[in-house]
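Me: I have a structure open on my screen and would love a close look at one of its strands. Could you walk me through how that part sits in its surroundings, and then show me a few other places worth a look?

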Amino acid sequence: MCSVLRVKPVQRALALTLRLNTEGSSRSAAHTRTVRPGLGAGVDPPAASTRRYCTRMARTGGPLFRQLFESESSTYTYVLADAETKEAVVIDPVLETLDRDLKLIRELGLDLKVAVNTHCHADHITSTGLMKKRLAGLKSAISKFSGAAADILLSEGDRILFGKHYLTVRQTPGHTDGCLTLVLEDQSMAFTGDALLIRGCGRTDFQQGSPERLYESVHQKIFTLPDQCLIYPAHDYLGQTVSTVGEERKFNPRLTKNLEEFVNIMNNLNLRKPAKIDIAVPANLVCGLHDL
């Protein structure tokens with residue numbers, strides 16, 4: 001039986017030693033709070049080591065990870081799971097690929113705890129609501145600033161727990177008010193939604209869009225992550241699957257500009273509105289037109 005418990009922050013001293021590529025590091029006193037199941041809040045750990053993630057994952061027992069693609073809207077769905085407990089989370093599931101995603105979850109023997117959307121999408125309908133009907137105990141999650149309904153409304157610093165792993169919530173508005181970036185506990189992976197794309201970013205001309213806020217969000221909440229942190233966006237239209245913070249800080253053609261130049265670029269994109277926006281946004285505000 002799943003329950004959600006919110007506990008007020010308390011001050012406590014803690015000492016924690018993390019072993020990353022045979023080098024140790026430590027943390028000291030921190031404010032922490034816990035929300036269960038699947039959600040908590042606390043301080044971020046030290047930056048990840050410079051070793052490639054795939055190698056370090058094998059050495060330190062990193063999470064099981066799958067990147068899935070929906071071709072009509074070019075949306076990436078991500079599944080992360082604790083390899084031992086099989087507790088899992090899914091990020092940005094799409095209605096059209098619900099059966100595929102559930103088949104993979106069953107095949108891998110995963111216990112899906114949370115389905116989280118990085119924002120209220122305008123180009124596709126989430127499968128979260130229908131997925132909840134098919135998987136007992138599954139909780140939906142989205143930013144509290146999204147305007148959408150969900151079991152868990154996320155805030156800055158919250159943690160989405162799955163086994164011994166967790167994703168930390170960073171609020172990255174600008175594409176929409178409710179955009180989130182989800183960062184793995186060792187800062188080796190970040191799921192940036194539409195805030196930061198590979199050599200691009202989300203548009204800012206509808207749904208509370210603001211180029212000034214997006215620029216600030218990316219530079220303060222994403223570009224402050226370690227250079228080697230892998231960037232996994234919600235979409236890619238050119239067949240690219242992953243980038244890094246260091247690459248985007250150097251090569252992103254929009255976000256390497258100063259603020260004034262960035263605002264000018266974003267205000268003159270002249271893009272057509274998403275084909276499904278009039279259907280997708282109302283649906284996603286109620287978890288994909290399905291009961292919560």
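Reply: **A close look at strand β13**

Happy to. Strand β13 covers residues 158–162, and five of its five residues are buried, so the rest of the structure largely encloses it. Please keep in mind that this is a predicted model.

Let's take the side chains next. In a regular strand, side chains alternate between the two faces of the sheet. In β13, Asp158, Ile160 and Phe162 point one way, while Arg159 and Leu161 point the other way. All of these residues are buried, with buried meaning under 20% relative accessible area.

Now for the neighbour. β13 runs antiparallel to strand β14 (residues 165–171), and four bridges join the two. One pairing to find on your screen is phenylalanine 162, whose bridge partner in β14 is histidine 165. Together β13 and β14 make a hairpin, with two residues between the strands. In that turn, glycine 163 has a positive phi of about 60 degrees.

For a helix to set beside this strand, try α6, residues 259–266, where the buried residues are Phe262, Val263 and Met266. These three cover an arc of only 100 degrees around the axis, which puts them on the same side of α6. Here is the background: an α-helix has 3.6 residues a turn, so residues three or four places apart point the same way. Glu260 and Asn264, on the other side of α6, are exposed. Among the elements that cover the buried residues of α6 are β18 (200–201) and α4 (211–222).

Let's finish with the empty spaces. Rolling a probe the size of a water molecule over the atoms shows where empty space is left. The largest pocket holds about 600 Å³ of space. Its lining is made up of 26 residues, and Leu197, Arg203, His235, Tyr237 and Leu271 lie nearest the centre. By class, that lining has 10 nonpolar, eight polar and eight charged residues.

There is also one cavity of 30 Å³ or more, and the space in the largest cavity is about 80 Å³. It is lined by 15 residues, of which Asn117, Ile142, Ala149, Asn284 and Cys287 are the closest to its centre. Strand β11 (residues 139–143) supplies the largest share of this lining, three residues. The lining of the largest cavity has eight nonpolar and seven polar residues, but no charged ones.

Definitions and conventions. Residues numbered from 1 in each chain as written. Predicted model: local features only at pLDDT ≥ 70, side-chain atom pairs only at ≥ 80, totals over all residues. Heavy atoms only, no water. 1 Å grid on protein atoms, 1.4 Å probe; cavity = no way out; pocket = protein on both sides within 12 Å on 5 of 7 lines; lining within 4 Å. Points joined across faces, edges and corners; volume = space filled by probe spheres on them. Nonpolar A, V, L, I, M, F, W, Y, C, P; charged D, E, K, R; others polar. Buried < 20%, exposed > 50% of the residue type's maximum accessible area, 1.4 Å probe, protein only. Pairing = 2+ DSSP bridges. Arc of directions from axis to C-beta. Contact = heavy atoms within 4.5 Å.
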